[in-house]
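Student: I should like a close look at a single part of this protein and at how that part fits into the rest. Please treat it in one connected account.

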Amino acid sequence: MKMADNGWTWELTPTAQDNLSRLAPTEQERILDKLDEIVDSPWREPPEYGEPLRNSQRSKIRVGAFRLAVTFRQEKQRLIVARIKRRSDAYTADDD
C-alpha cells in the first residue's frame, strides 16, 4: 500500500498481487509507478483516471498493454486494484 501526500492510497487485492507477481519485473515496476503517479497527482483526483467497466461497479485503468480493474473508495481515499490482466485477456468471459 502506498500513501500519497493528498491522503489517497492504493492497494492490491490478493488476486491482483498474484497477477502482478506473474509479470516480468519491468512490467511490475511500470504498473506500480503508474499507481504511485495516480495517487500523487496534483492535477487530477484518482477517480478521474478510471473508465467505467460495462456491467460492473469497477473501473479500468490502462497501463501500457495492461488493464487494471479497480474500485475507488472516495470516502476512504483508497484506490483498490482487484485484478491486473494483459489487454488481450482483459475482456474475456472470466471477468468478475
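Tutor: The account below begins with the whole chain, then turns to strand E4 and its partners, and ends with the core and helix H2.

The model is predicted. Its protein chain contains two helices and six strands, arranged along the sequence as β-β-α-α-β-β-β-β. Of its 96 residues, 40% count as buried. Among contacts with a separation of 6 or more, 46% link residues 24 or more positions apart.

Strand E4 spans residues 59-63. Four of its five residues are buried, that is, under 20% relative accessible area, so E4 is largely enclosed by the rest of the structure.

E4 has pairing partners before and after it in the sequence. With strand E3, residues 51-52, E4 pairs in the antiparallel sense over two bridges. Here Ser 59 of E4 stands opposite Pro 52. The two strands form a hairpin with six residues between them, and in its turn Asn 55 has a positive phi of about 55°. E4 also runs antiparallel to E5, to which five bridges join it. One bridge pairs Ile 61 with Leu 68 in E5. This hairpin has two residues between its strands, and Gly 64 in the turn has a positive phi of about 60°.

Leu 68 leads from this pairing into the interior. Leaving aside residues up to four places away in sequence, Leu 68 touches Ser 59, Lys 60, Ile 61 and Val 63, as well as Ile 31, Leu 35, Val 81, Arg 83 and Ile 84. In the largest nonpolar core, which has 20 residues, Leu 68 is among those that touch the most other members, together with Ile 31, Leu 79, Val 81 and Ile 84. E4 supplies at least two residues of this core, as do E2 (9-12), H1 (14-21), H2 (25-40), E5 (66-73) and E6 (78-86).

Two of the contacts of Leu 68, Ile 31 and Leu 35, are also buried residues of H2, along with Glu 27, Ile 38 and Val 39. Seen down the axis of H2, the buried residues fall within an arc of 105°, so they line one face of the helix. In general, an α-helix has 3.6 residues a turn, so residues three or four places apart point the same way. On the other side of H2, Pro 25, Thr 26 and Arg 30 are exposed. The helix has 16 residues and reaches 22 Å from its first C-alpha to its last, close to the 22 Å expected at 1.5 Å a residue.

Conventions. Residues numbered from 1 in each chain as written. Predicted model: local features only at pLDDT ≥ 70, side-chain atom pairs only at ≥ 80, totals over all residues. Heavy atoms only, no water. Core = buried A, V, L, I, M, F, W, Y, C linked by side-chain atoms within 4.5 Å. Buried < 20%, exposed > 50% of the residue type's maximum accessible area, 1.4 Å probe, protein only. Contact = heavy atoms within 4.5 Å. Expected span 1.5 Å × (residues − 1). Arc of directions from axis to C-beta. Pairing = 2+ DSSP bridges.
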